[in-house]
Amino acid sequence: MSRILHTSLIIALLLLSMTASAARIKDVADVEGVRSNQLVGYGLVVGLPGTGEQSPFTEQSFRTMLSNFGITLPANMKAQIKNVAAVAVHAELPAFAKPGQSLNITVSSVGSAKSLRGGTLMQTFLVGLDGNVYAVAQGSLIVSGLGAEGLDGSRILVNTPTVGSIPNGAVVEREVITPFAQGDFITFNLKRSDFTTSKRLAEAINNFMGQDTAHSLDATSVQVRAPRDISQRVSYLSTLENLSFEPGDYAAKIIINSRTGTIVIGKDVRLFPAAVTHGGLTVTIAENPRVVQPNPFGEGQTAIEENTIIDVRPEQSRMFKFDPGVTLDDLVRTVNAVGAAPGDLMAILEALKEAGAIHGELVVI
(Lines give C-alpha, C1' and ligand atoms only; values in the text may rest on other atoms or scores of the structure.)
Protein backbone atom coordinates (compact mmCIF):
# COMPACT_ATOMS: atom_id res chain seq x y z
CA MET A 1 0.00 0.00 0.00
CA SER A 2 2.85 2.36 0.84
CA ARG A 3 4.46 1.69 -2.53
CA ILE A 4 1.16 2.34 -4.35
CA LEU A 5 0.69 5.57 -2.42
CA HIS A 6 4.24 6.62 -3.19
CA THR A 7 3.76 5.97 -6.93
CA SER A 8 0.40 7.80 -7.04
CA LEU A 9 1.73 10.87 -5.27
CA ILE A 10 4.89 11.01 -7.39
CA ILE A 11 2.74 10.94 -10.56
CA ALA A 12 0.64 13.76 -9.15
CA LEU A 13 3.84 15.62 -8.30
CA LEU A 14 5.23 15.25 -11.82
CA LEU A 15 1.97 16.38 -13.43
CA LEU A 16 1.19 19.30 -11.16
CA SER A 17 4.63 20.66 -10.34
CA MET A 18 5.36 21.57 -13.96
CA THR A 19 5.28 25.26 -14.69
CA ALA A 20 2.35 26.53 -16.69
CA SER A 21 3.00 26.12 -20.42
CA ALA A 22 1.78 28.30 -23.23
CA ALA A 23 -1.76 27.65 -24.45
CA ARG A 24 -3.67 28.69 -27.53
CA ILE A 25 -6.63 31.00 -27.07
CA LYS A 26 -8.95 28.43 -28.70
CA ASP A 27 -7.99 25.90 -25.98
CA VAL A 28 -8.86 28.11 -23.00
CA ALA A 29 -11.69 30.32 -24.27
CA ASP A 30 -14.91 30.19 -26.29
CA VAL A 31 -16.32 32.86 -28.59
CA GLU A 32 -19.45 34.41 -27.14
CA GLY A 33 -22.55 33.44 -29.11
CA VAL A 34 -20.86 30.50 -30.83
CA ARG A 35 -22.49 27.60 -29.02
CA SER A 36 -24.52 24.45 -29.57
CA ASN A 37 -28.22 24.16 -28.76
CA GLN A 38 -30.13 21.24 -27.25
CA LEU A 39 -33.10 19.81 -29.13
CA VAL A 40 -35.75 17.41 -27.81
CA GLY A 41 -38.80 15.68 -29.19
CA TYR A 42 -41.43 13.04 -28.45
CA GLY A 43 -42.20 10.23 -30.88
CA LEU A 44 -43.08 6.59 -31.44
CA VAL A 45 -40.88 3.60 -32.20
CA VAL A 46 -42.68 0.91 -34.21
CA GLY A 47 -41.79 -2.57 -35.40
CA LEU A 48 -40.78 -3.96 -32.01
CA PRO A 49 -41.03 -7.77 -31.57
CA GLY A 50 -43.60 -7.63 -28.78
CA THR A 51 -41.33 -5.63 -26.45
CA GLY A 52 -43.37 -2.42 -26.61
CA GLU A 53 -45.93 -1.15 -24.12
CA GLN A 54 -49.67 -0.89 -23.59
CA SER A 55 -49.96 2.45 -21.78
CA PRO A 56 -52.65 5.15 -22.11
CA PHE A 57 -50.34 7.86 -23.44
CA THR A 58 -48.78 5.45 -25.96
CA GLU A 59 -52.24 4.50 -27.22
CA GLN A 60 -53.22 8.17 -27.46
CA SER A 61 -50.05 8.94 -29.43
CA PHE A 62 -50.71 5.95 -31.68
CA ARG A 63 -54.26 7.16 -32.43
CA THR A 64 -52.96 10.66 -33.19
CA MET A 65 -50.38 9.25 -35.59
CA LEU A 66 -53.05 7.23 -37.43
CA SER A 67 -55.35 10.26 -37.63
CA ASN A 68 -52.55 12.18 -39.36
CA PHE A 69 -52.71 9.52 -42.07
CA GLY A 70 -56.49 9.80 -42.31
CA ILE A 71 -57.27 6.68 -40.25
CA THR A 72 -59.73 6.96 -37.35
CA LEU A 73 -60.13 4.13 -34.86
CA PRO A 74 -63.49 3.62 -33.11
CA ALA A 75 -63.57 5.24 -29.67
CA ASN A 76 -64.50 1.95 -27.97
CA MET A 77 -61.75 -0.03 -29.70
CA LYS A 78 -58.59 -0.75 -27.73
CA ALA A 79 -55.56 -0.90 -29.99
CA GLN A 80 -53.11 -3.77 -29.53
CA ILE A 81 -49.77 -2.00 -29.73
CA LYS A 82 -47.19 -4.21 -28.04
CA ASN A 83 -44.90 -3.50 -30.97
CA VAL A 84 -45.01 0.28 -30.32
CA ALA A 85 -43.16 2.33 -27.68
CA ALA A 86 -43.28 6.00 -26.74
CA VAL A 87 -39.82 7.58 -26.74
CA ALA A 88 -38.01 10.82 -26.03
CA VAL A 89 -35.57 11.94 -28.73
CA HIS A 90 -32.76 14.38 -28.09
CA ALA A 91 -29.91 15.82 -30.12
CA GLU A 92 -27.41 18.66 -30.06
CA LEU A 93 -27.50 21.27 -32.79
CA PRO A 94 -23.96 22.60 -33.41
CA ALA A 95 -23.27 26.26 -34.01
CA PHE A 96 -23.68 27.35 -37.64
CA ALA A 97 -25.50 24.11 -38.60
CA LYS A 98 -27.26 24.67 -41.91
CA PRO A 99 -30.56 23.24 -43.24
CA GLY A 100 -29.99 19.87 -44.89
CA GLN A 101 -27.13 18.80 -42.62
CA SER A 102 -27.48 15.68 -40.47
CA LEU A 103 -27.41 15.21 -36.69
CA ASN A 104 -26.86 12.17 -34.50
CA ILE A 105 -29.80 11.46 -32.20
CA THR A 106 -30.42 9.42 -29.06
CA VAL A 107 -33.75 7.68 -28.46
CA SER A 108 -34.90 6.69 -24.94
CA SER A 109 -38.04 4.87 -23.82
CA VAL A 110 -40.37 6.93 -21.59
CA GLY A 111 -42.78 4.12 -20.74
CA SER A 112 -42.62 0.45 -19.78
CA ALA A 113 -41.21 -0.92 -23.03
CA LYS A 114 -38.82 -3.80 -22.39
CA SER A 115 -36.55 -3.15 -25.36
CA LEU A 116 -36.22 -0.87 -28.39
CA ARG A 117 -34.13 -3.41 -30.28
CA GLY A 118 -35.29 -3.84 -33.88
CA GLY A 119 -37.51 -0.75 -33.82
CA THR A 120 -37.87 2.17 -36.20
CA LEU A 121 -38.43 5.76 -35.12
CA MET A 122 -41.34 7.44 -36.88
CA GLN A 123 -41.01 11.04 -38.05
CA THR A 124 -40.37 13.18 -34.95
CA PHE A 125 -40.05 16.96 -34.68
CA LEU A 126 -37.11 18.21 -32.59
CA VAL A 127 -37.69 21.59 -30.96
CA GLY A 128 -35.52 24.11 -29.14
CA LEU A 129 -36.16 26.16 -26.01
CA ASP A 130 -38.09 28.71 -28.07
CA GLY A 131 -40.58 26.06 -29.23
CA ASN A 132 -39.52 26.18 -32.87
CA VAL A 133 -38.77 23.03 -34.87
CA TYR A 134 -35.09 22.91 -35.85
CA ALA A 135 -34.75 19.30 -37.04
CA VAL A 136 -36.81 16.26 -38.02
CA ALA A 137 -35.73 12.76 -36.92
CA GLN A 138 -36.53 9.33 -38.35
CA GLY A 139 -34.79 6.01 -38.93
CA SER A 140 -33.87 2.54 -37.68
CA LEU A 141 -32.42 2.31 -34.18
CA ILE A 142 -29.06 0.89 -33.18
CA VAL A 143 -29.47 -0.67 -29.71
CA SER A 144 -26.42 -2.19 -28.03
CA GLY A 145 -28.37 -3.48 -25.02
CA LEU A 146 -29.99 -6.89 -24.79
CA GLY A 147 -32.60 -8.25 -22.39
CA ALA A 148 -34.05 -11.74 -21.76
CA GLU A 149 -36.73 -12.87 -19.33
CA GLY A 150 -37.87 -16.35 -18.25
CA LEU A 151 -41.34 -17.61 -17.33
CA ASP A 152 -40.36 -17.74 -13.64
CA GLY A 153 -39.60 -14.01 -13.65
CA SER A 154 -35.83 -14.33 -13.91
CA ARG A 155 -34.29 -11.67 -16.08
CA ILE A 156 -30.92 -10.71 -17.50
CA LEU A 157 -29.89 -7.36 -18.95
CA VAL A 158 -26.81 -6.49 -21.00
CA ASN A 159 -26.20 -2.75 -21.16
CA THR A 160 -29.46 -0.80 -21.59
CA PRO A 161 -31.93 -2.16 -24.19
CA THR A 162 -34.33 0.78 -23.74
CA VAL A 163 -31.91 3.37 -25.17
CA GLY A 164 -30.75 3.49 -28.77
CA SER A 165 -29.14 5.83 -31.27
CA ILE A 166 -29.49 6.74 -34.94
CA PRO A 167 -26.32 8.15 -36.54
CA ASN A 168 -27.27 11.01 -38.88
CA GLY A 169 -30.86 10.29 -37.92
CA ALA A 170 -32.08 13.89 -38.00
CA VAL A 171 -32.06 16.52 -40.72
CA VAL A 172 -31.64 20.20 -39.84
CA GLU A 173 -34.60 22.28 -41.02
CA ARG A 174 -33.84 25.68 -39.48
CA GLU A 175 -30.64 27.62 -38.79
CA VAL A 176 -29.99 29.26 -35.43
CA ILE A 177 -29.02 32.91 -35.87
CA THR A 178 -25.89 33.80 -33.88
CA PRO A 179 -24.52 37.24 -32.94
CA PHE A 180 -21.12 36.33 -34.39
CA ALA A 181 -21.50 38.64 -37.40
CA GLN A 182 -23.09 41.52 -35.50
CA GLY A 183 -21.47 44.59 -33.94
CA ASP A 184 -17.91 45.86 -33.88
CA PHE A 185 -16.59 43.44 -31.25
CA ILE A 186 -16.21 39.76 -30.52
CA THR A 187 -15.88 38.46 -26.97
CA PHE A 188 -13.77 35.58 -25.69
CA ASN A 189 -15.16 33.84 -22.58
CA LEU A 190 -12.62 31.87 -20.57
CA LYS A 191 -13.57 28.27 -19.81
CA ARG A 192 -12.14 28.78 -16.31
CA SER A 193 -12.50 32.25 -14.83
CA ASP A 194 -9.27 33.86 -13.69
CA PHE A 195 -8.29 37.55 -13.56
CA THR A 196 -4.65 36.86 -14.42
CA THR A 197 -5.52 34.72 -17.42
CA SER A 198 -8.02 37.32 -18.65
CA LYS A 199 -5.41 40.08 -18.40
CA ARG A 200 -2.73 38.03 -20.16
CA LEU A 201 -5.10 37.04 -22.97
CA ALA A 202 -5.88 40.70 -23.66
CA GLU A 203 -2.18 41.57 -23.56
CA ALA A 204 -1.34 38.78 -26.03
CA ILE A 205 -3.89 40.11 -28.52
CA ASN A 206 -2.75 43.71 -28.07
CA ASN A 207 0.90 42.77 -28.55
CA PHE A 208 0.01 41.05 -31.83
CA MET A 209 -2.71 43.34 -33.22
CA GLY A 210 -1.86 46.65 -31.60
CA GLN A 211 -2.82 48.49 -28.44
CA ASP A 212 -6.46 49.01 -27.49
CA THR A 213 -7.57 46.09 -29.64
CA ALA A 214 -8.60 43.96 -26.66
CA HIS A 215 -9.90 44.83 -23.19
CA SER A 216 -10.52 42.58 -20.19
CA LEU A 217 -14.09 43.05 -19.00
CA ASP A 218 -13.84 40.78 -15.95
CA ALA A 219 -12.31 37.46 -14.85
CA THR A 220 -14.11 35.65 -17.68
CA SER A 221 -14.59 37.95 -20.68
CA VAL A 222 -12.17 39.70 -23.04
CA GLN A 223 -13.67 42.03 -25.64
CA VAL A 224 -11.83 42.35 -28.95
CA ARG A 225 -12.41 44.88 -31.74
CA ALA A 226 -13.18 43.07 -35.00
CA PRO A 227 -13.96 43.97 -38.65
CA ARG A 228 -17.62 44.12 -39.69
CA ASP A 229 -17.18 42.24 -42.99
CA ILE A 230 -18.03 38.59 -42.24
CA SER A 231 -15.30 37.07 -44.44
CA GLN A 232 -12.67 39.31 -42.86
CA ARG A 233 -14.06 38.50 -39.41
CA VAL A 234 -13.65 34.75 -40.00
CA SER A 235 -10.01 35.16 -41.07
CA TYR A 236 -9.43 37.57 -38.18
CA LEU A 237 -10.81 35.12 -35.62
CA SER A 238 -8.85 32.26 -37.16
CA THR A 239 -5.66 34.21 -36.54
CA LEU A 240 -6.55 35.26 -33.00
CA GLU A 241 -7.65 31.84 -31.73
CA ASN A 242 -4.27 30.34 -32.64
CA LEU A 243 -2.26 32.91 -30.64
CA SER A 244 -0.38 31.39 -27.72
CA PHE A 245 0.01 32.98 -24.30
CA GLU A 246 0.81 32.04 -20.72
CA PRO A 247 -2.37 31.43 -18.66
CA GLY A 248 -2.36 32.28 -14.97
CA ASP A 249 -1.70 29.58 -12.39
CA TYR A 250 -4.68 28.01 -10.69
CA ALA A 251 -5.29 28.48 -6.99
CA ALA A 252 -3.44 26.12 -4.65
CA LYS A 253 -5.67 23.12 -3.98
CA ILE A 254 -5.59 19.63 -2.53
CA ILE A 255 -8.26 17.36 -4.05
CA ILE A 256 -9.31 14.31 -2.04
CA ASN A 257 -11.62 11.59 -3.33
CA SER A 258 -12.60 9.65 -0.22
CA ARG A 259 -14.34 6.93 -2.27
CA THR A 260 -11.34 5.91 -4.36
CA GLY A 261 -8.52 7.06 -2.08
CA THR A 262 -7.18 9.42 -4.75
CA ILE A 263 -5.24 12.46 -3.54
CA VAL A 264 -4.01 15.19 -5.89
CA ILE A 265 -1.88 18.02 -4.50
CA GLY A 266 -1.35 21.21 -6.50
CA LYS A 267 2.14 22.52 -7.06
CA ASP A 268 1.53 25.78 -5.16
CA VAL A 269 0.44 24.12 -1.91
CA ARG A 270 2.66 25.23 0.98
CA LEU A 271 2.78 24.30 4.64
CA PHE A 272 3.32 26.48 7.68
CA PRO A 273 5.37 25.22 10.65
CA ALA A 274 3.64 22.17 12.17
CA ALA A 275 4.43 18.87 13.86
CA VAL A 276 2.42 15.71 13.17
CA THR A 277 2.43 12.36 14.91
CA HIS A 278 1.12 9.32 13.10
CA GLY A 279 0.27 6.10 14.82
CA GLY A 280 -2.46 4.13 16.55
CA LEU A 281 -3.32 0.95 18.41
CA THR A 282 -3.48 -2.60 17.11
CA VAL A 283 -6.20 -4.59 18.91
CA THR A 284 -6.18 -8.39 18.53
CA ILE A 285 -9.04 -10.54 19.85
CA ALA A 286 -8.64 -14.33 19.85
CA GLU A 287 -10.89 -17.10 21.15
CA ASN A 288 -9.09 -20.05 22.82
CA PRO A 289 -11.73 -22.31 24.43
CA ARG A 290 -10.57 -24.83 27.05
CA VAL A 291 -12.02 -28.27 27.90
CA VAL A 292 -12.66 -28.71 31.64
CA GLN A 293 -12.82 -32.28 33.02
CA PRO A 294 -14.56 -33.14 36.35
CA ASN A 295 -12.64 -34.77 39.24
CA PRO A 296 -12.31 -38.57 39.21
CA PHE A 297 -15.42 -40.29 40.62
CA GLY A 298 -17.10 -36.90 40.72
CA GLU A 299 -20.61 -36.28 39.51
CA GLY A 300 -19.67 -33.43 37.24
CA GLN A 301 -19.69 -33.42 33.44
CA THR A 302 -17.10 -32.40 30.89
CA ALA A 303 -17.59 -28.78 29.88
CA ILE A 304 -16.06 -26.23 27.50
CA GLU A 305 -14.91 -23.03 29.09
CA GLU A 306 -14.66 -19.91 26.97
CA ASN A 307 -11.26 -18.21 27.06
CA THR A 308 -10.93 -14.84 25.28
CA ILE A 309 -7.51 -13.27 24.80
CA ILE A 310 -7.39 -9.52 24.03
CA ASP A 311 -4.05 -8.03 23.09
CA VAL A 312 -3.60 -4.29 22.64
CA ARG A 313 -0.30 -3.09 21.18
CA PRO A 314 0.54 0.48 20.27
CA GLU A 315 2.05 0.89 16.83
CA GLN A 316 5.39 2.61 16.58
CA SER A 317 4.37 6.26 16.36
CA ARG A 318 6.47 8.67 14.36
CA MET A 319 6.49 12.42 14.49
CA PHE A 320 7.64 14.62 11.64
CA LYS A 321 7.96 18.35 11.49
CA PHE A 322 7.18 20.76 8.64
CA ASP A 323 9.35 23.86 8.51
CA PRO A 324 8.23 27.15 6.91
CA GLY A 325 7.87 27.06 3.14
CA VAL A 326 7.76 23.28 2.78
CA THR A 327 7.03 22.34 -0.84
CA LEU A 328 4.97 19.58 -2.38
CA ASP A 329 8.09 17.51 -2.95
CA ASP A 330 8.99 17.72 0.75
CA LEU A 331 5.44 16.79 1.76
CA VAL A 332 5.35 13.72 -0.48
CA ARG A 333 8.79 12.55 0.64
CA THR A 334 8.00 12.96 4.32
CA VAL A 335 4.61 11.25 4.21
CA ASN A 336 6.01 8.30 2.26
CA ALA A 337 8.83 7.98 4.79
CA VAL A 338 6.18 7.53 7.48
CA GLY A 339 4.48 4.87 5.35
CA ALA A 340 1.00 6.35 5.59
CA ALA A 341 -1.86 4.74 3.70
CA PRO A 342 -4.17 6.98 1.63
CA GLY A 343 -6.76 7.03 4.41
CA ASP A 344 -4.12 8.10 6.94
CA LEU A 345 -2.83 10.80 4.60
CA MET A 346 -6.37 12.17 4.21
CA ALA A 347 -6.68 12.42 7.99
CA ILE A 348 -3.28 14.14 8.24
CA LEU A 349 -4.16 16.70 5.56
CA GLU A 350 -7.55 17.45 7.11
CA ALA A 351 -5.94 17.93 10.51
CA LEU A 352 -3.28 20.24 9.06
CA LYS A 353 -6.00 22.29 7.36
CA GLU A 354 -7.95 22.60 10.60
CA ALA A 355 -4.75 23.72 12.35
CA GLY A 356 -4.23 26.43 9.72
CA ALA A 357 -0.96 24.87 8.59
CA ILE A 358 -1.86 24.45 4.90
CA HIS A 359 -1.62 27.26 2.36
CA GLY A 360 -4.25 26.12 -0.12
CA GLU A 361 -7.82 24.93 -0.39
CA LEU A 362 -8.76 21.41 0.71
CA VAL A 363 -11.51 20.01 -1.55
CA VAL A 364 -13.17 16.70 -0.71
CA ILE A 365 -15.18 15.16 -3.56
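**An aromatic pair, a pocket and two buried threonines**

At 9% relative accessibility, Phe180 counts as buried, because the cut-off for that class is under 20% relative accessible area. The model examined here is a predicted one. Phe180 makes a good starting point, as its ring pairs with the ring of Phe96. A search of the whole structure turns up one aromatic pair. The ring centres of Phe96 and Phe180 lie 5.8 Å apart and the planes meet at 75°, so the arrangement is edge-to-face; an angle over 60 degrees places a pair in that class. This pair links distant parts of the chain, with the two positions 84 residues apart. Phe96 sits in the loop between strand E4 (85-93) and strand E5 (102-109), while Phe180 belongs to the loop between strand E10 (163-172) and E11. In contrast to the buried Phe180, Phe96 has a relative accessible area of 35% and is therefore partly exposed.

Strand E11 (residues 185-190) also brings in a threonine, Thr187. With a relative accessibility of 10%, Thr187 is buried. Apart from neighbours within four places in sequence, the contacts of Thr187 are with Asp30, Val31 and Glu32, and with Ser221, Val222 and Gln223.

Gln223 appears again among the contacts of another threonine, Thr213. Where does Thr213 lie? Its place is in the loop that runs between helix H4 (195-209) and strand E12 (214-216). Thr213 has a relative accessible area of 11%, so this residue too is buried. A polar atom of the Thr213 side chain lies 2.7 Å from the backbone oxygen of Gly210. Leaving out neighbours within four places in sequence, Thr213 touches Ile205 and Asn206, along with Gln223, Val224, Arg225 and Tyr236.

Attention now turns to open space. Rolling a probe the size of a water molecule over the atoms reveals where space is left empty. The second largest pocket holds about 370 Å³ of space. Its lining is made up of 15 residues, and those nearest the centre are Met65, Asn68, Met122, Gln123 and Thr124. Which elements each supply at least two residues of this lining? They are strand E3 (37-46), helix H3 (56-68) and strand E6 (120-127). H3 provides the largest share, with five residues. In chemical character, the lining of the second largest pocket divides into nine polar and six nonpolar residues, with no charged ones.

Notes. Residues are numbered from 1 along each chain as its sequence is written. This is a predicted model: local features need pLDDT of at least 70, side-chain atom pairs count only at pLDDT 80 or more; totals for chains, interfaces and linings use all residues. Side-chain values use heavy atoms; hydrogens and water are left out. On a 1 Å grid over the protein atoms alone, a cavity is a set of points where a 1.4 Å probe fits but cannot get out, and a pocket is an open set with protein on both sides within 12 Å along at least five of seven lines; lining residues have an atom within 4 Å of a point. Grid points are joined across faces, edges and corners, and a volume is the space filled by probe spheres set on the points. Helices (H or I, at least four residues) and strands (E, at least two) are DSSP runs, numbered from the N terminus. Ala, Val, Leu, Ile, Met, Phe, Trp, Tyr, Cys and Pro count as nonpolar, Asp, Glu, Lys and Arg as charged, and the others, Gly among them, as polar. Buried means under 20% relative accessible area, exposed over 50%, partly exposed in between (1.4 Å probe, protein chains only). A polar contact is a pair of N or O atoms within 3.5 Å; within protein, one must be able to donate a hydrogen and the other to accept it, and residues adjacent in sequence count only if both atoms are side-chain atoms. Contact means heavy atoms within 4.5 Å. Rings of Phe, Tyr and Trp (its six-membered ring) pair if their centres lie within 6.5 Å; planes under 30 degrees apart count as stacked, over 60 as edge-to-face and the rest as tilted.
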